[in-house]
Amino acid sequence: MSVLIYIENWSGKFKKSSFELVSYGSQLAKKMSGNLTVLSIGEVSNDELKNLGKYGATSVLSAKTASSLDDKSFAGIIADAAQKAGASVVVMGNSFTGKALAPRVAVRLKAGLVSAVNGLPVSVSPFVVKKKAFSGKSLVEEEITSPVKVVTLSQNTAGVTETPSEVTIEELSVEVSPSAKVVSTDVQTGKILLSEAEIVVSGGRGMRSADNWQPLEELASVLGAATACSRPVSDEGWRPHHEHVGQTGKVVSPNLYFALGISGAIQHLAGISSSKVIVAVNKDPDAPIFTAADYGIIGDLQVVLPKMTEAFKKLKAGS
Ligand SMILES: Cc1cc2nc3c(=O)[nH]c(=O)nc-3n(C[C@H](O)[C@H](O)[C@H](O)COP(=O)(O)OP(=O)(O)OC[C@H]3O[C@@H](n4cnc5c(N)ncnc54)[C@H](O)[C@@H]3O)c2cc1C
């Protein structure tokens, strides 16, 4: 029983989420007493591919085709690679890309699919995986009974593990006939990616208006953090929709999550509950966020936020 992991690259570079997938694949292959094949699509240097050996990759298939293909072409390459590698389990991240590709790959391979799994399977024979349900209030176990299985892994649920190995790279020649053409891409630059951030500073309706976001951005800049927000904030247009965290937004798992003026509704907690440490600032001592937070400050943000920023500035200057 072999495992194929598809990892995304960003302009030819891999990120933490890619390393987590490779680490996961290495552990899964061991658990299944099988081999691991890692698939990369797009222009990625052999040095970058070799670096995957740090996380347990031994065999890498590299399809050095254009990175901006349509989903149908990507899915075709992944399914062909899975068949070439004789994979019985195909894994990709539960990112926007993974969510778009996994069902297409599953159809091509006549495979059962479970998305957003949490960590390694409970058992490999039968193949049972666990995932969150009811906005993260419970965990369910699901069995995939088809011979080939496809899963997407929730980010930050498996962690990055270093198990250095020798890597063999094989170029995969692919022929694609895209049914859609990417005309242009708009790449966000200069900002820390929310899904990759170790620290996230997030604001809710308690920030009162879009004009009050400068102090929050200052705190994020001092901490080297990504900025995020609750859903009503993006609905109001105070912040862009890609910053919205929660059940209907992004799921984040940073080491440190600041919830500023966020009440802590269950739909918001669904997106942050796997954060390592949650710090909440709220003027209402009964706000539900305090039951989820590891540290809480009861107070008005207008007073607390500038003080926090000053304290972190001093701490950074002293270190
Ligand atoms: C189907 C569905 C899906 C949803 N999905 C999401 C989702 O993905 N993400 C999400 O966030 N929400 C989601 N929601 C909305 C969710 O239910 C809450 O309404 C929302 O999270 C509340 O946002 P908030 O905490 O910013 O605002 P509020 O609930 O209005 O809370 C504002 C908080 O700020 C505090 N505050 C006010 N002024 C200050 C001040 N000066 N200093 C300090 N504290 C202050 C208040 O005490 C309060 O606790 C969803 C709802 C539904 C029905």
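Which polar backbone atom lies 2.9 Å from a nitrogen atom of the ligand? In this predicted model, where local features need pLDDT of at least 70, side-chain atom pairs count only at pLDDT 80 or more, and totals for chains, interfaces and linings use all residues, the partner belongs to Val245. Residues are numbered from 1 along each chain as its sequence is written, and side-chain values use heavy atoms, with hydrogens and water left out.

The ligand also has oxygen atoms in polar contacts (pairs of N or O atoms within 3.5 Å). A polar backbone atom of Arg205 is 2.7 Å from one ligand oxygen, and a backbone N or O atom of Arg231 lies 3.0 Å from a ligand oxygen. In total, 25 residues surround the ligand, each with a heavy atom within 4 Å of it. The closest are Arg205, Ser230, Ser263, Gln267 and Asn282.

Now to the helix packing. Helices here are DSSP runs (H or I, at least four residues) numbered from the N terminus, and their axes are lines fitted to C-alpha atoms over the stretch in contact, with angles from 0 to 180 degrees between N-to-C directions. Helix α5 (residues 213-223) and helix α9 (residues 301-318) have axes that come within 10 Å and cross at roughly 20°. The pair is therefore roughly parallel, a label for angles under 35 degrees. Contact (heavy atoms within 4.5 Å) involves residues including Leu219 and Val222 of α5 and Met308 and Phe312 of α9. By class, the residues of this contact divide into 8 nonpolar, 1 polar and 3 charged, with Ala, Val, Leu, Ile, Met, Phe, Trp, Tyr, Cys and Pro counted as nonpolar, Asp, Glu, Lys and Arg as charged, and the others as polar.

Notes: Helices (H or I, at least four residues) and strands (E, at least two) are DSSP runs, numbered from the N terminus. Angles under 35 degrees count as roughly parallel, over 145 as roughly antiparallel, 65 to 115 as roughly perpendicular and the rest as oblique. A polar contact is a pair of N or O atoms within 3.5 Å; within protein, one must be able to donate a hydrogen and the other to accept it, and residues adjacent in sequence count only if both atoms are side-chain atoms.
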